[in-house]
Each structure stands twice: as C-alpha cells, then as structure tokens.
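Let's take a friendly walk through this model, starting with how one helix packs and ending with a cavity. Have the structure open as you read.

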Amino acid sequence: MSRPPPEDPEFEISFFESVLRRSPGYADVIEILGGLYTKNGRIADGLRMDRRMVRLQPENATAHYNLACSLALSGRKADALRALRQAVDLGYADLAWMMKDADLKELREHPAFTRLLTQMAGKELKSGKSRRKA
C-alpha cells in the first residue's frame, strides 16, 4: 500500500478528524482542523472548529483572531469585528499581520477595523515596540 503525499489535504483532514473523534477536546487538533478546512475552502467547517476552540479556550487571543477570520470569510462582518476586538482585548498584537491577512480583506474598508488598527498602532508606540530606522 502506498502512502499519500504528505501535502494531500484530504488525507490530512481525514487524519485529524479521526484523532478528534477519539479525543474531542484536543485543542491542537481543533486548531489544525480549523486551518485546514479554511485553507481548503471549507469555510463553514473552519468556522465550526474556530467556535469550538473559543469555547474550549475562551482566553486564547489567537483562537478569537481565527474566529474573526472565519467570520469575515463567511461575510459576517459585524461578528468578525467583535471577535477581532475580543482577540485584541485578550492580547493579540500582530498589527503587521492583521493589515495584510487576506482573510480580513472584507473588513479593511470598515471604519471599526480602521479604528482598531489605529488603537493598536498607538499601543505599539506607547510601549516602544515600534521599529525605528537607524
């Protein structure tokens, strides 16, 4: 029996689904499956995993960020912005990624998104995290 190529998304998804069936609270697998589903166009399944992850780890800023991405991809802008706000409130601080993340493309023109980015940039400046040219 030959092995499927390591980058076979259906094989990976099937593998992690089987792990999750045996260990339903395995957070790492839930996060991986959410990413795999979304990457492979299964947005509703990715959203389901992201919601599950937030329920499992409500203080996890990255889980809320991923939920915001899935909601944005689902066309649910208001919900996506709320989840994104929650992610930032919990400590998500990768401003550079947020500005270029393709999953958040639909939010870029929204005033609430712009305000959030401005707020985050202000925090970076206050904390000295801004990069200065030498």
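## How H3 packs

The buried residues of H3 pack against three partners: helix H1 (9-22), H2 and H4. Please keep in mind that this is a predicted model.

Which residues of H3 are buried? They are Gly46, Leu47, Met49, Asp50, Met53 and Val54. These residues lie on the same side of H3, because they cover an arc of only 165 degrees around its axis.

## The other face and the length of H3

Turn the helix around, and the face pointing away from the buried side of H3 shows the exposed residues Ala44 and Arg55.

H3 is built from 14 residues. From its first C-alpha to its last, H3 reaches 20 Å, which is close to the 20 Å expected at 1.5 Å a residue.

## The cavity

With a threshold of 30 Å³ or more, the model has 1 cavity. The volume of the largest cavity is about 40 Å³.

Which residues line the largest cavity? Its lining is made of Ile30, Glu31, Met49, Asp50, Met53, Ala63 and Asn66. Helix H2 (27-39), helix H3 (43-56) and helix H4 (61-73) are the elements that each give two or more residues to this lining. H3 gives the most, with 3 residues.

By residue type, the lining of the largest cavity splits into 4 nonpolar, 1 polar and 2 charged. Met49, Asp50 and Met53 deserve a second look: they belong to the cavity lining, and they are also among the buried residues of H3.

Terms used: Residues are numbered from 1 along each chain as its sequence is written. This is a predicted model: local features need pLDDT of at least 70, side-chain atom pairs count only at pLDDT 80 or more; totals for chains, interfaces and linings use all residues. Side-chain values use heavy atoms; hydrogens and water are left out. On a 1 Å grid over the protein atoms alone, a cavity is a set of points where a 1.4 Å probe fits but cannot get out, and a pocket is an open set with protein on both sides within 12 Å along at least five of seven lines; lining residues have an atom within 4 Å of a point. Grid points are joined across faces, edges and corners, and a volume is the space filled by probe spheres set on the points. Helices (H or I, at least four residues) and strands (E, at least two) are DSSP runs, numbered from the N terminus. Ala, Val, Leu, Ile, Met, Phe, Trp, Tyr, Cys and Pro count as nonpolar, Asp, Glu, Lys and Arg as charged, and the others, Gly among them, as polar. The expected span of a helix is 1.5 Å times one less than its number of residues. Buried means under 20% relative accessible area, exposed over 50%, partly exposed in between (1.4 Å probe, protein chains only). The arc is that of the directions from the helix axis to the C-beta atoms. Contact means heavy atoms within 4.5 Å.
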